[in-house]
Amino acid sequence: VAAAAAASVTSSRHGSQDADDEDNPGLGDRQSGDDPDADAEQMIVDRLPYQARVRQLYASQPTTTAIALLIFINFVISAVDKQINPLPGSTSEVAINGFELFFALVFGVELVLNLYAHWFAYFFKSGWNIFDLVIVTVTFIGMGSSNIPGVNVLRLFRAFRVFRLFKRVESLRIIVEGVGAALPGVGNAFVLLGLLMGIWSIIGVEFFREYADEEFGNFLKAMFTMWQVM
């Protein structure tokens, strides 16, 4: 009787577990594999002293919030710089240059911490990390010397620092990644639109080139006119 009771209890437990699995399909799958970044973090092999502690500090919520706030403040200061356009040598220019140097050093330290925490190959597996590396490197090159040809163009890349918010704020990152995933479909739509514009441009040149040479004098003019109309 005792054996039969035990078997009954075991059977009921298995039945309850199967019912839970049916009510929650994929529960085991959701526990692992849904977060690639978390899986990558677990795969990292610590090869440097205190690497795990540095990674934990870098990924902590206070650090993430502080860096995101600094990125936003840097964006505001860049906007103020272009709004007031300070004269060379003025107090405003000195102050803004001081802020730029401060932010460059902070973001440089952050990049070094990130590289140390995810040494070495794991760092370059993230496109956001590569983006950070490019922006920070270009910033230091632009601040290092004004004799380099095209250095003013390099300095314009500082405006792209605000994109680093997408890495720090998860909701923004999800939007950006979603837009990126939708680009192939949007590209097909643009191809179709271009074909339709080309058809209407050919018809427009045929009918209106004698009356509106500026708008429909040739195919390229007609395409530009169609683009303006769109």
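**Cores, aromatic rings and a kinked helix**

In this predicted model, the largest nonpolar core is made up of 10 residues, namely I67, A68, I71, I77, F103, F107, L111, F123, V136 and L165. Helix 5, which covers residues 61-84, and helix 6 each supply at least two residues of this core, and the largest share, 4 residues, comes from helix 5. Among the members of the core, L111 was examined for its surroundings: when residues up to four places away in sequence are not counted, L111 touches F123, D132, L133 and V136. Two of these partners, F123 and V136, are themselves listed in the largest core. Apart from this core lies another one, of 5 residues, among them V205, F216, A222 and M226.

Helix 5 also contains I84, a residue that does not count as buried because its relative accessible area is 46%, which makes I84 partly exposed. With residues up to four places away in sequence not counted, I84 touches S92 and I96.

Aromatic rings were considered next, and a search of the whole structure finds 6 aromatic pairs. One of them is formed by F99 and F103, whose rings are stacked, with 6.5 Å from centre to centre and 25° between the planes. The angle of 25° is counted as stacked because planes under 30 degrees apart fall into that class. F99 and F103 are 4 residues apart in helix 6, so about one helical turn separates them. The two partners can also be described by their accessibility: F99 has a relative accessible area of 42% and is therefore partly exposed, whereas F103 counts as buried because its relative accessibility is 2%. The stacked pair is also part of a wider arrangement, since ring pairs link F99, F102, F103 and F107 into a cluster. Of the residues in this cluster, F103 and F107 are also found in the largest nonpolar core.

Helix 6, which spans residues 91-117, also holds N114, and this residue counts as buried because its relative accessibility is 2%. The side chain of N114 is joined to that of H118 by a polar contact of 2.8 Å. Once neighbours within four places in sequence are left aside, N114 is in contact with Y58, F123, N129 and K167, and of these F123 is a member of the largest core. H118 appears again among the contacts of Q51, a residue of helix 4, which comprises residues 51-59. Q51 counts as buried because its relative accessibility is 1%, and, not counting residues up to four places away in sequence, Q51 touches I44, V45, D46, Y116, A117, H118 and W119.

Finally, helix 10, formed by residues 170-208, has 39 residues and reaches 52 Å from its first C-alpha to its last, a span close to the 57 Å expected at 1.5 Å a residue. Along this helix a kink of about 45° lies at L183, shortly before the proline P184. The buried residues of helix 10 are R173, M197, G198, S201, G204 and V205, and V205 is also one of the residues of the 5-residue core that lies apart from the largest one.

Terms used. Residues are numbered from 1 along each chain as its sequence is written. This is a predicted model: local features need pLDDT of at least 70, side-chain atom pairs count only at pLDDT 80 or more; totals for chains, interfaces and linings use all residues. Side-chain values use heavy atoms; hydrogens and water are left out. The expected span of a helix is 1.5 Å times one less than its number of residues. The bend at a residue is the angle between axes fitted to the seven residues ending there and the seven starting there. Buried means under 20% relative accessible area, exposed over 50%, partly exposed in between (1.4 Å probe, protein chains only). A polar contact is a pair of N or O atoms within 3.5 Å; within protein, one must be able to donate a hydrogen and the other to accept it, and residues adjacent in sequence count only if both atoms are side-chain atoms. Contact means heavy atoms within 4.5 Å. A nonpolar core is a set of buried Ala, Val, Leu, Ile, Met, Phe, Trp, Tyr and Cys residues joined through side-chain atoms within 4.5 Å. Rings of Phe, Tyr and Trp (its six-membered ring) pair if their centres lie within 6.5 Å; planes under 30 degrees apart count as stacked, over 60 as edge-to-face and the rest as tilted.
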